[in-house]
Amino acid sequence: MAATAWIIVFLVMFNCLVLGEKKREYKLGLLIPYRKVNPYFQNDYNKGESFAAAMTIAVERINANPTLLADYNLTFVWKDTECNELLAVREQLNQINSGVQAFIGPGCYCQTAAKNAAAFNMTMISFVSMQSFMLCSLISAFLR
């Protein structure tokens, strides 16, 4: 959970430095497979229902700490991608249209979503992906 909090702080600070924008609200998009994962993973650990609550806890703790992101109110929206690349891309674009400024996820396929994030000059961190790290890491907005 502490790692999640630091990832969120990093995303906000990185985007502030890169984009040079200061906004009162900073909205993150979480794209995770909640109940359904690809059989490639072979376990329930990668299901969002095992760790999704960590995002809520991390955001609450960051907002409660006056020394972290004092000028911002951190919020997030999330969507279940069902380990489906097309659904993940659709939901990512919906989140972009709703004002999301950076992404965590998607959980299964990262290449197309990473290209979208780069096209919109947005940061994306994927915690797990079935695609090769090399495929996704060549995209400037992508971190793992």
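Of the protein's 144 residues, 46% count as buried. The model is predicted. Five helices and five strands make up its secondary structure, and along the sequence they follow the pattern α-β-α-β-α-β-α-β-α-β. The accessible surface comes to about 7,800 Å². Carbon and sulfur atoms account for 57% of that surface. Among contacts with a separation of 6 or more, 58% join residues 24 or more positions apart.

**Nonpolar cores**

- In soluble globular proteins, nonpolar side chains tend to be buried together.
- The largest nonpolar core here has 13 residues. Tyr-26, Leu-28, Leu-30, Met-55 and Leu-74 have the most contacts inside it.
- Strand E1 (25-32), helix H2 (53-64) and strand E3 (102-104) each give two or more residues to this core. E1 supplies the largest share, four residues.
- Another core, of 10 residues, lies apart from it. Its members include Cys-110, Ala-114, Ala-117 and Met-124.

**Leu-30 and Gln-95**

- Leaving aside neighbours within four places in sequence, Leu-30 is in contact with Met-55, Val-77, Trp-78, Lys-79, Gln-95 and Ile-104.
- Gln-95 sits in helix H3 (residues 85-97). Gln-95 counts as buried because its relative accessibility is 4%, under the 20% cut-off.
- Not counting residues up to four places away in sequence, Gln-95 touches Gly-29, Leu-30 and Leu-31. The contacts of Gln-95 also include Val-77, Trp-78 and Lys-79, as well as Val-100 and Phe-103.
- Val-77, Trp-78 and Lys-79 thus appear in the contact lists of both Leu-30 and Gln-95.

**Helix H2**

- H2 has 12 residues, which at 1.5 Å a residue should span 16 Å. The end C-alpha atoms of H2 are 17 Å apart, in agreement with that value.
- The buried residues of H2 are Ala-54, Met-55, Ala-58, Val-59 and Ile-62. Seen down the axis, they fall within an arc of 130 degrees, so they line one face of the helix.
- Ala-53, Glu-60, Arg-61 and Ala-64 are exposed on the other side of H2.
- An α-helix has 3.6 residues a turn, so residues three or four places apart point the same way.

**Helix H4**

- In helix H4 (residues 111-119), Ala-113, Ala-114, Asn-116 and Ala-117 are buried. They cover an arc of only 160 degrees around the axis, so they lie on the same side of H4.
- Ala-114 and Ala-117 are also among the residues of the 10-residue core.
- Asn-121 follows H4. The phi of Asn-121 is positive, near 55 degrees.

**The salt bridge**

- Side chains of opposite charge can pair when their charged atoms come close.
- The structure holds one salt bridge. It joins the side chains of Asp-71 and Arg-24, at 4.0 Å from N to O.
- The pair links distant parts of the chain, 47 residues apart. Asp-71 is in the loop between H2 and strand E2 (73-80). Arg-24 is in the loop between helix H1 (2-19) and E1.
- Asp-71 counts as partly exposed, at 44% relative accessibility. Arg-24 is exposed, because its relative accessible area is 61%, over the 50% cut-off.

Note on methods: Residues are numbered from 1 along each chain as its sequence is written. This is a predicted model: local features need pLDDT of at least 70, side-chain atom pairs count only at pLDDT 80 or more; totals for chains, interfaces and linings use all residues. Side-chain values use heavy atoms; hydrogens and water are left out. A nonpolar core is a set of buried Ala, Val, Leu, Ile, Met, Phe, Trp, Tyr and Cys residues joined through side-chain atoms within 4.5 Å. Buried means under 20% relative accessible area, exposed over 50%, partly exposed in between (1.4 Å probe, protein chains only). Contact means heavy atoms within 4.5 Å. Accessible areas come from the Shrake-Rupley method with a 1.4 Å probe; for residues, only the protein chains shown count as cover. The arc is that of the directions from the helix axis to the C-beta atoms. The expected span of a helix is 1.5 Å times one less than its number of residues.
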